[in-house]
Structure formats: structure tokens, C-alpha cells
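Take a moment to turn the model around before reading on. We'll start with the whole chain and then zoom in on a few spots.

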Amino acid sequence: MKRQLPPLNALRAFEAAGRHQSFSRAAEELDVSHSSISRHVRGLEDRMGVQLFRDLPRGLELSEYGAAYLAQVSPAFDAIASATENLVEFPQGTVWVNSETLFATKLLVPLLKNFSALQPEIEIRLEASRHLANLARYEADLAIRFVRPENHYPGSELISDAPLHPYAAPSLLRAPLTSTRDMLSYPLLRDRTSGTWDVWFALTGEVAPEEVPQSTWRMSSALAVEAAISGQGILLVSDEVVAGEVAAGRLVRLSEVGFREGGYHLVLGESVLRRKAVRVFRDWLMAETAQWRDAG
């Protein structure tokens, strides 16, 4: 019996547009023009006699028919992709990774050359942002986020939970530190999300809370690290993200007193591990960062 199948290119265009709920994102994924996606989708609607998308003032959304159709079509595409990958000896394809800026620039980017050497057929497309990509809409395959103990991403995996220690550029220090109190004579850099200096000084037991300077100036974590590297002050930061700067002599640890306030987690999209390329990247990343789990 002959199957009732629509044109494959039209079906791919609908499936990608439905996942992203965006013709532009679908066009980017499939490497075609926006007009091509629109033409394929409209042709599919005409062929089946139903409206798959509704136009909104700020974009579009799936209609009731479109949502029901996508719920059946997407798993079929996943199954085809999985079956195809199982026939391929070496993993290949593109893996989209969305990461917090600090982790991306200081830890992940320097490591990616090692991954490319091991897996030249896998392309890593890395985006850095403060906001978690919408994995349900396939804006990324994987996301990396700093997670505090009170928060939780279901199904996420711990990448690193290295403790925070005070770091500074060697050029900042006028003389060797003889006590924790000596740090009070230098600017204490703060990022936007934490009040960690109060916690850290309390752990040392050498400085009373009222003696800790309460600066109102805060910056992003990535900018705070750069400020420390340029000798503008002392920063409390987790060991893994400044390991490269320490190895290069641009930062030095000023104390062995440290504590944890959370850790970086790998957040995975639903069913994303069906793809061999994603599994390979995930396994590589977990192996590369193993030293930073329960470290220190």
C-alpha cells in the first residue's frame, strides 16, 4: 500500500519551524532562506487543507492542528536520525552549546581545540549568554549554568563544584600578605550575584563582619575576573574558571581558605542524548572536568 507522505523538504521545514516556533531559526538550522521555510510550510498547509501556524504580532505559534502534527512528526525524525547515526562508524554533525559567559570564555573555549582534534567531524557551535536557552524549542542541545544549592535544573549533571578562593594579579600586591587582614588594604571586587566576601571573612575568623568594606559597585562575573587580571583588586572566584590564568602567572591564590556556593551543571534537552555526536561531546566534557568535581 502506497504511503501518503508529503514532500520531505516541506516536512523538514515544518518540523524545524514547529520546534523553534520561528521560521528564522528553522532557516538557520537547515541552512536555507526564511522565504524557503515559509514557502514549504504554506505549501504543506495547502496540501493538507489545515492551518499549521497562527501569525501573531510578534512571531508565530503552532495551531492546534500543527501542535498535534508536530508531536508525531518530531519523534519520527528523531528515530530516522538515530537509525542513520547507528550506521555511521564515526560521530558527525553539529552540537549547539549554550553557556554562561564566564565558563565559556575561561574554561570551555580553551578546551575545545582538544575536542576538535579528537572529533574533527563534529562541529561545536557555542553561544555565551546569561539566560538559559529554551532547550524544549531546540535553541541548543546542551546548556551550562551555574546552579546554587537552592536552585535545581531537573535532569542536569554536575560538571564542576570547585570552591571559591581569593585571587589577585601579582602586580597588585605591594608586599607579601602576612594575614587575612592585609587584604582589607586592597579593593575587594564583587560580582552582581553574590555577597561572598562576608561569608569568606567569617570563615577566616580574623575579620569582624563590620570591618568588611561594603562596596556598591558590582559587575558581571566575566568582567570581575578581567578586572582582577588587570590588577584592579582581589576577587573571590571558583578555582576552575581561573586555572588557566593561574597557570599563565596572571593570577595567584592568596589563601587556602575556600568554600562552595554552588557548581556548574550541564542541562540537557529532552531526548538529546539519542544523538551520537551529543553523547560524545557530553562524555568528553565530563571527562575533561572530572578534576573539578569535589575538588579542594
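What follows is a walk from the overall form down to single residues.

First, a word on what you're looking at: this is a predicted model. The protein chain is built from 9 helices and 11 strands. Its radius of gyration comes out at 24 Å, while the globule rule gives 19 Å for 296 residues, so the chain is more spread out than a compact globule. You can get a feel for that from the C-alpha trace, which spans about 85 × 45 × 30 Å along its principal axes.

How much of the chain is buried? Of the 296 residues, 44% count as buried. On the outside, the chain exposes about 15900 Å², and 53% of that comes from carbon and sulfur atoms. As for how the chain meets itself, take the contacts with a separation of 6 or more: residues 24 or more positions apart account for 74% of them.

Now for the charges. The chain carries 31 positive and 37 negative side chains, and the centres of these two sets lie 5 Å apart. Searching the whole structure turns up 17 salt bridges, and a few of them are worth a visit.

Begin with E157 and R282, whose side chains form a salt bridge at 2.4 Å, N to O. E157 belongs to strand β6 (residues 157-160) and R282 to helix α9 (residues 276-288), so this pair ties together parts that are 125 residues apart in sequence. Next, look for E211 and R181, which meet in a salt bridge at 2.6 Å, N to O. Here both partners sit in loops: E211 in the one between α6 (196-204) and α7 (221-229), R181 in the one between β7 (164-168) and β8 (188-189), so the link ties together parts 30 residues apart in sequence. Are these two buried or exposed? Neither quite: E211 is partly exposed at 34% relative accessible area, and R181 is partly exposed too, at 37%.

A third bridge joins E256 and R253, at 2.8 Å, N to O. E256 is exposed, with a relative accessible area of 65%, whereas R253 is partly exposed at 32%. Salt bridges can also link up through shared partners, and that is how K106, E226, E245 and R250 end up in one network.

Let's stop at a single residue, T94. You'll find T94 in strand β3 (residues 93-99), partly exposed with a relative accessible area of 23%. Which residues does T94 touch, leaving aside its neighbours within four places in sequence? The answer is E123, R125, D141 and R275. The C-alpha atoms of T94 and A277 are separated by 7.4 Å, although the two residues are 183 apart along the chain.

Finally, head for two spots where the backbone has a positive phi in a residue other than glycine. One is Q21, with phi near 50°; Q21 lies in the loop between α1 (8-20) and α2 (23-30) and is partly exposed, at 22% relative accessible area. The other is D31, with phi near 60°, found in the loop between α2 and α3 (34-48). D31 counts as exposed, with a relative accessible area of 70%.

Technical notes:
Residues are numbered from 1 along each chain as its sequence is written. This is a predicted model: local features need pLDDT of at least 70, side-chain atom pairs count only at pLDDT 80 or more; totals for chains, interfaces and linings use all residues. Side-chain values use heavy atoms; hydrogens and water are left out. A salt bridge is a side-chain nitrogen of Lys or Arg within 4 Å of a carboxyl oxygen of Asp or Glu. Helices (H or I, at least four residues) and strands (E, at least two) are DSSP runs, numbered from the N terminus. Buried means under 20% relative accessible area, exposed over 50%, partly exposed in between (1.4 Å probe, protein chains only). The radius of gyration is taken over C-alpha atoms; the globule rule is 2.2 Å times the number of residues to the power 0.38. Contact means heavy atoms within 4.5 Å. Accessible areas come from the Shrake-Rupley method with a 1.4 Å probe; for residues, only the protein chains shown count as cover. Lys and Arg count as positive and Asp and Glu as negative; His and the chain ends are not counted. The place of a charge is taken as NZ of Lys, CZ of Arg, CG of Asp or CD of Glu.
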